[in-house]
Amino acid sequence: MPRRIFQLKVSLTRVHPPIWRRVLVPGGYTLDRLHRVVQHAMGWRDCRLHSFEIDGVPYGEPDPDAEPAVRDELDTRLDAVAGLGSRFGYVYDFGDWWEHELVVEDVLAADPGERYPSCPAGERAGPPEGVGGPAGQALLLAALTDPHHREHAAMRDWVGGRYDPEAFDADRTTVLLRRFC
């Protein structure tokens, strides 16, 4: 049987304009590897806590002292917990609380001439680490687009002039995914 590839749409919730990625990942990936795919697809550095919630069950890095108990993402394959049409959540950075919705748009046979994972599409740059969640992202965008905004200079300095909120390069993202995931 050919290897199954999951086409996922990863959407950051509670942000406007929308930020999303379409990724193709092997169904045999563990949720830990899927976490790394989301990190690199959004342009983050994996320096904050995260978790998945699938059918009401939390997955992540287990902490024996934490309640409720979290199932180990290292032991959980994507194809064991999701299928065509599945929707589930992923949260990154429990302080900023970046919520994502992941939707399994399709399940395909692997193309023998293709390498996975890949990111064939997406829109807009992921928010910078530590911006302060959706409210901080909204403030950043307002300040960057209005030279008269009271936070314009501070925010421009904070992002260092490197952040273009409209920029997204699917080819570059695919290279990162293949290198680090």
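## Salt bridges at the surface and in the loops

Arg150 has a relative accessible area of 72% and is therefore exposed, a value that lies over the 50% cut-off for that class. In this predicted model, Arg150 forms a salt bridge with Glu151, and the closest N and O atoms of the two are 3.0 Å apart. Glu151 is partly exposed, because its relative accessible area is 24%. Elsewhere, Arg48, Asp93 and Glu129 are joined into one network by salt bridges that share partners. The structure as a whole holds 11 salt bridges.

## Pairs that link distant parts of the chain

Side chains of opposite charge can pair when their charged atoms come close. Glu114 and Arg178 form a salt bridge in which the closest N and O atoms are 2.6 Å apart. This pair links distant parts of the chain, since Glu114 belongs to the loop between S7 and strand S8 (118-123), while Arg178 belongs to helix H5, and the two residues are 64 residues apart. Glu114 counts as partly exposed at 34% relative accessibility, and Arg178 is partly exposed as well, with a relative accessible area of 27%.

A further salt bridge is formed by Arg124 with Glu166, for which the closest N and O atoms are 3.5 Å apart. Arg124 sits in the loop between S8 and H3, and Glu166 sits in the loop between H4 and H5, so the pair ties together parts that are 42 residues apart in sequence. With 18% relative accessibility, Arg124 counts as buried, because the value falls under the 20% cut-off. Glu166, at 52% relative accessibility, counts as exposed.

## Helix H3 and its cover

Helix H3 comprises 13 residues, 133-145, which at 1.5 Å a residue should span 18 Å; its end C-alpha atoms are 18 Å apart, so the expected span and the value in the model agree.

The buried residues of this helix are Gly133, Pro134, Gly136, Gln137, Leu140, Leu141 and Ala143. Among the elements that cover these buried residues of H3 are strand S2 (19-26), strand S7 (98-109) and H4.

## The largest pocket

The largest pocket encloses about 560 Å³ of space. Its lining is made up of 24 residues, of which Met42, Gly43, Ala125, Gly126 and Tyr163 are the closest to the centre of the pocket. Helix H1 (31-42), helix H4 (152-159) and helix H5 (170-180) are the elements that give two or more residues to this lining. Sorted by class, the lining of the largest pocket has 12 nonpolar, four polar and eight charged residues.

## The second largest pocket

In the second largest pocket there is about 340 Å³ of space. Among the 21 residues that line this pocket, the closest to its centre are His50, Ser51, Gly60, Val70 and Phe94. At least two residues of the lining come from each of strand S3 (50-54), strand S4 (57-60) and strand S6 (87-92), and S3 supplies the largest share, with four residues. By class, the lining of the second largest pocket divides into 12 nonpolar, four polar and five charged residues.

Technical notes: Residues numbered from 1 in each chain as written. Predicted model: local features only at pLDDT ≥ 70, side-chain atom pairs only at ≥ 80, totals over all residues. Heavy atoms only, no water. 1 Å grid on protein atoms, 1.4 Å probe; cavity = no way out; pocket = protein on both sides within 12 Å on 5 of 7 lines; lining within 4 Å. Points joined across faces, edges and corners; volume = space filled by probe spheres on them. Nonpolar A, V, L, I, M, F, W, Y, C, P; charged D, E, K, R; others polar. Expected span 1.5 Å × (residues − 1). Buried < 20%, exposed > 50% of the residue type's maximum accessible area, 1.4 Å probe, protein only. Contact = heavy atoms within 4.5 Å. Salt bridge = Lys/Arg side-chain N within 4 Å of Asp/Glu carboxyl O.
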